[in-house]
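Biologist: I am new to this model and would like a close look at a single part of it, namely one set of paired strands and the turn that belongs to it. Please take me through it slowly, and then place it beside the rest of the structure.

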Amino acid sequence: MSSNTDQEVNERGARLVLTVRTSDGAPRPKRSWTLPEGGWEELLRIAASEILEFMLGVQVGELPESASCNSTEMTAMVGLAGELSGVLSLRCPAAAAATLASKMLGTDIAPTDAYTRDALGEISNVIAGTLKAKVPGLDDACLLSTPTIVCGGDYHLFSISNSTSVSVALQFEGQPLWITLDLHR
Amino acid sequence: MKKMCVLIVDDSSVMRKIVQRSLRLAGLDIETVLEADNGEQALTIVQQNTVDLIFSDINMPKMDGLEFVRQLQSLEAAKGIPIVMITTEGSQSRVVEALSLGARGYIRKPFTPDQVKERIAPLLEA
């Protein structure tokens, strides 16, 4: 297959995008973003820790490797679409989700299930937004979906096929949570 | 200064509470806080109430923040109400679009009460 390259100005006239044209003339834009040194795992760890500490006002640490991920009862998922597509998911036990919601609301009163689900979705959304903001050039090239929440203990999550998957295990105030980024190749 | 009526539009009830708390911590003299979880609901509220300031999320189901701002401009009842967009998206094109449609500023999540105060101060002086 033959190809040639040229440069195009995007709709705002702000960025030059290198475009590969295939033999049938269809443009195939090259990605306009660059993954920082450290890769996705480091980026995910930094984004998640930053947001949890900022929004909950807690110290966040690494979870010991021996900690099991089997006790997750709530999962929030946020889709990424555009030049980068995939899913960011946050899993934790119900008690961790309730603590997270209380901290976000700034109250010691146990939150309702609806507030807990909402808080988990919102924090996942902000982590995903922060993650993509840390990748130069990606912010405008990738959109987030509204979050989806799965509740209950009897389910398994499987990574999408043909994907890159990175996970970080964190804890705050003794509560564990696991954050995973599955990216389509 | 008269007490204000603030409308907070966000599909997340937790985020609406956080915005509300941030506004109070920022020292805003609020009499009433109205809440909507999408743009459609917010348009109805604006037509039925005297609103002084609007905070709106961009990414919402049913009617997103951009369409809300667009439709708000055609409402006589909404003339002169400052709108501040709250967004997770750092997407500059969406923020630029919101500003071009009539929004007066934006705040990126997460934010502090001080950042909220900084953003709304010039709007309230105007």
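Modeller: Two strands are said to pair if DSSP finds at least two bridges between them. With that in mind, and remembering that this is a predicted model, let us begin with strand β9 of chain A, which covers residues 163-172. On one hand, β9(A) pairs in the antiparallel sense with strand β4 of chain A, residues 60-62, over three bridges; on the other, β9(A) pairs with strand β10 of chain A, residues 175-184, again in the antiparallel sense, over ten bridges. A single residue lets you follow both pairings, for A:L170 in β9(A) stands opposite A:E62, while the bridge partner of A:L170 in β10(A) is A:L177.

Between β9(A) and β10(A) the chain turns, and the two strands form a hairpin with two residues between them. One residue of that turn deserves a pause: A:E173, in the loop between β9 and β10 of chain A, has a positive phi of about 45° although it is not a glycine. Most residues other than glycine have a negative phi, and most peptide bonds are trans. As to its surroundings, A:E173 counts as partly exposed because it has 13 C-beta neighbours inside 10 Å, where 12 or fewer would make a residue exposed.

Chain B offers something to set beside this turn. There B:K62, in the loop between β3 (53-57) and α3 (65-72) of chain B, has a positive phi of about 65° and is likewise not a glycine; with 12 other C-beta atoms within 10 Å, B:K62 is exposed. Chain B also holds a cis peptide bond, which joins B:K109 and B:P110 with an omega of about -5°, and B:P110 is found in the loop between β5 (105-108) and α5 (113-125) of that chain.

Finally, the two chains touch, and the contact takes 23 residues from chain A and 18 residues from chain B. On the chain B side, α1 (13-25) and α4 (92-101) each supply at least two residues, and α1(B) gives the most, with six residues. The chain B residues that touch chain A divide into five nonpolar, eight polar and five charged. When you weigh all this, keep in mind that the model scores ipTM 0.81 and pTM 0.82, and that chain B has a mean pLDDT of 90, with 95% of its residues reaching 70 or more.

Methods: Residues numbered from 1 in each chain as written. Chains lettered and ligands numbered in written order. Predicted model: local features only at pLDDT ≥ 70, side-chain atom pairs only at ≥ 80, totals over all residues. Contact = placed C-beta atoms within 7 Å. Helix = DSSP H or I, 4+ residues; strand = E, 2+ residues; numbered from the N terminus. Nonpolar A, V, L, I, M, F, W, Y, C, P; charged D, E, K, R; others polar. pLDDT = per-residue confidence, 0-100. Buried ≥ 20, exposed ≤ 12 C-beta atoms within 10 Å, placed from the backbone.
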